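Me: I am new to this structure and would like to go through it step by step. Please begin with the surroundings of the ligand.

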Amino acid sequence: MQSQDFDLAILGGGPVGSALALLLARLSPQPARIVLLQTETASLYGHRPELDPRVLAINHGSRVLLNSLGAWPQQAAFIQTIHVSQRGRLGRTVIRHHDFNVPELGCVVRYGQLYDKLTRAVGASGVQVLAGESARVTNQDASGVSLEQGARQLRAKLVIQADGLTGIRPTREYTQYALLTRARASRPRAGWAFERFTNEGPLAVLPHPEALGEQSIVWCCTPERAKALQALAPEHFSQALTETFGSRLGTLTVQAPVACVPLAMTLRPKTVDGRCVAIGNAAQTLHPVAGQGLNLGLRDAATLTIALRDWLVAPEQTPGPALQRYEQLRGPDRQLTVRLTDLLSRVFTTKATVVEHAAGLALLGMDLLPALRAPLARHLLQGLRL
Ligand SMILES: Cc1cc2nc3c(=O)[nH]c(=O)nc-3n(C[C@H](O)[C@H](O)[C@H](O)COP(=O)(O)OP(=O)(O)OC[C@H]3O[C@@H](n4cnc5c(N)ncnc54)[C@H](O)[C@@H]3O)c2cc1C
């Protein structure tokens, strides 16, 4: 069977693969020479991706990028204040938007809405989309890469893996599962997001983008506790949630089924392999604390586009130098974000009183010393630094 021939193939049309397709379509003289291969695997929750109820905290840089791509979801909740605290200890810090002279610190959007918006934008971009069975790389040589998608055979000069799968063993399996749901607060606070560290894992309470006055919950705890909590009747789950979170929003009453996701960190040591490069979750998967996975993946997509600018107009040349430049440029940000996220997810769960107390004092110190708080917050909130 004859194979279809492309300059560039993107494997996976999640938020990162789709954003990359849109960025490349702008710079390529022939967007139709780019193909996006998408399979509609069940999402994290067993739904079609556009129905995925997961919410994502989007930082300022990612918002600017998505807006410029015409892919900003219709509904977004704005975060003006972030309250970080530790359960059972004194430490806490509050980060406010005016500390950084920005109208908001970030936004919360639903994965499914963002996916839908990006998919529509890619459909209108001139990039070819081949939806169907799972696609895979079968071989690569000096001139290009061979792929297959079901019975379809393809050939591309360069392949970007954005399929969310690293194919390697996790660097760290957290002894934490994330419980995901929505809850109504009896005393809601518009524009406030909360991150509460417990000795089992962090509990995030964010404004929900679609259900006005409701909170999106990401509650990380031990696998045993997560399973026991998930099995509770809604009123008992709500009680446990309110008890763990505290009374800052009054009582929390759960409004949706509780989903449960195991958590792991995976960092692909090398993102470039010949004419293939991995970005987004295919390059690294993070603990959801501090909401950095997608933000980091969008920075991968933006940097790769810049690195490929010259190659896109001369694709008969080897992409090797551009890919090496990309890998060098992304190294420090990937390492820093992955390590910081890993540290945040575990520092309050060591069961070592001294360490947890020190971490609590660090939070308190950050609250008293804006000079300490600013660099951390700037890294997590602003993101895009090209
Ligand atoms: C509970 C939770 C909360 C999170 N909260 C945040 C947050 O607040 N902020 C944030 O920035 N990040 C957050 N993240 C991380 C974020 O969801 C991911 O970083 C992001 O979805 C990565 O996007 P991606 O496109 O790289 O991969 P994915 O979203 O996994 O998309 C990959 C796509 O590739 C497709 N695909 C898979 N295999 C193939 C194949 N063989 N052929 C073709 N297509 C294929 C899939 O169907 C999918 O559409 C969270 C994650 C979790 C689990």
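Me: Into how many nonpolar, polar and charged residues does the shell around the ligand divide?
Reply: This is a predicted model, and the values that follow are computed from it. Nonpolar residues in the shell around the ligand number 15. The remaining groups are 14 polar and 2 charged, so that the full division, with Gly placed among the polar residues, is 15 nonpolar, 14 polar and 2 charged.

Me: Which residues come nearest to the ligand?
Reply: A residue belongs to the surroundings of the ligand if one of its heavy atoms lies within 4 Å of it. There are 31 residues around the ligand. Those that come nearest are Thr39, Arg54, Ala57, Tyr111 and Asn281.

Me: Which helices and strands each supply at least two residues of the shell around the ligand?
Reply: Among the strands, β2 (34-38) and β3 (55-59) each supply at least two residues. Helices do so as well, and the elements concerned are α1 (15-27), α3 (111-123) and α6 (293-307), together with the strands β2 and β3.

Me: How much of the accessible area of the ligand does the protein cover?
Reply: Several polar atoms of the protein lie beside the ligand: a polar side-chain atom of Gln38 is 3.0 Å from a ligand oxygen atom, and one of Ser134 is 2.9 Å from a ligand nitrogen atom. The backbone takes part too, with a polar atom of Gly293 at 3.4 Å from a nitrogen atom of the ligand. On its own the ligand has 1000 Å² of accessible area, and the share that the protein covers is 90%.

Me: What share of the residues in the chain is buried?
Reply: The secondary structure of the chain comes to 10 helices and 20 strands. The chain exposes about 16900 Å², of which carbon and sulfur atoms supply 55%. Of the 386 residues in the chain, the buried share is 55%.

Me: Among contacts with a separation of 6 or more, what part do residues 24 or more positions apart account for?
Reply: One pair far apart in sequence is Gln292 and Ile58, at 234 residues, and their C-alpha atoms are 8.2 Å apart in space. Gln292 lies in the loop between β20 (284-285) and α6. Over the chain, residues 24 or more positions apart account for 75% of the contacts with a separation of 6 or more.

Me: Which cysteine has the sulfur nearest to that of Cys220, and how far away is it?
Reply: A disulfide requires two cysteine sulfur atoms within 2.5 Å, and by this rule the count is 0 disulfides. Cys220 is accordingly in no disulfide, and the nearest cysteine sulfur is 7.5 Å away, in Cys221.

Me: Is Asp342 buried or exposed?
Reply: Asp342 is found in helix α8 (residues 320-346). Beyond its neighbours within four places in sequence, Asp342 is in contact with Arg172, Tyr174 and Met265, and its side chain makes a polar contact of 3.0 Å with the side chain of Arg172. Because its relative accessibility is 5% and the limit is under 20%, Asp342 counts as buried.

Me: Which residue has a side-chain oxygen that reaches the backbone nitrogen of Gly61 at the start of α2?
Reply: In helix α2 (residues 60-68), Gly61 is buried, as are Ser62, Arg63, Leu65 and Leu66. The helix is followed by Gly70, whose phi is positive, near 70 degrees. At its start, the side-chain oxygen within 3.2 Å of the backbone nitrogen of Gly61 belongs to Asn59.

Me: Which residues is Thr305 in contact with, leaving aside its neighbours within four places in sequence?
Reply: Thr305 has its place in helix α6 and is buried, with a relative accessible area of 5%. Thr305 and Leu20 are 285 residues apart in sequence, yet 7.2 Å apart from C-alpha to C-alpha. The contacts of Thr305 are Leu20, Leu23, Leu24 and Leu27.

Me: What is the relative accessible area of Ser238?
Reply: Ser238 is found in helix α5 (residues 234-245). Leaving aside its neighbours within four places in sequence, Ser238 is in contact with Leu252, Thr253 and Val254. Ser238 is buried, and its relative accessible area is 7%.

Definitions and conventions
Residues numbered from 1 in each chain as written. Predicted model: local features only at pLDDT ≥ 70, side-chain atom pairs only at ≥ 80, totals over all residues. Heavy atoms only, no water. Polar contact = N/O pair within 3.5 Å; in protein donor to acceptor, adjacent residues only side chain to side chain. Areas by Shrake-Rupley, 256 points an atom, 1.4 Å probe, with all protein chains shown as cover. Helix = DSSP H or I, 4+ residues; strand = E, 2+ residues; numbered from the N terminus. Buried < 20%, exposed > 50% of the residue type's maximum accessible area, 1.4 Å probe, protein only. Contact = heavy atoms within 4.5 Å.
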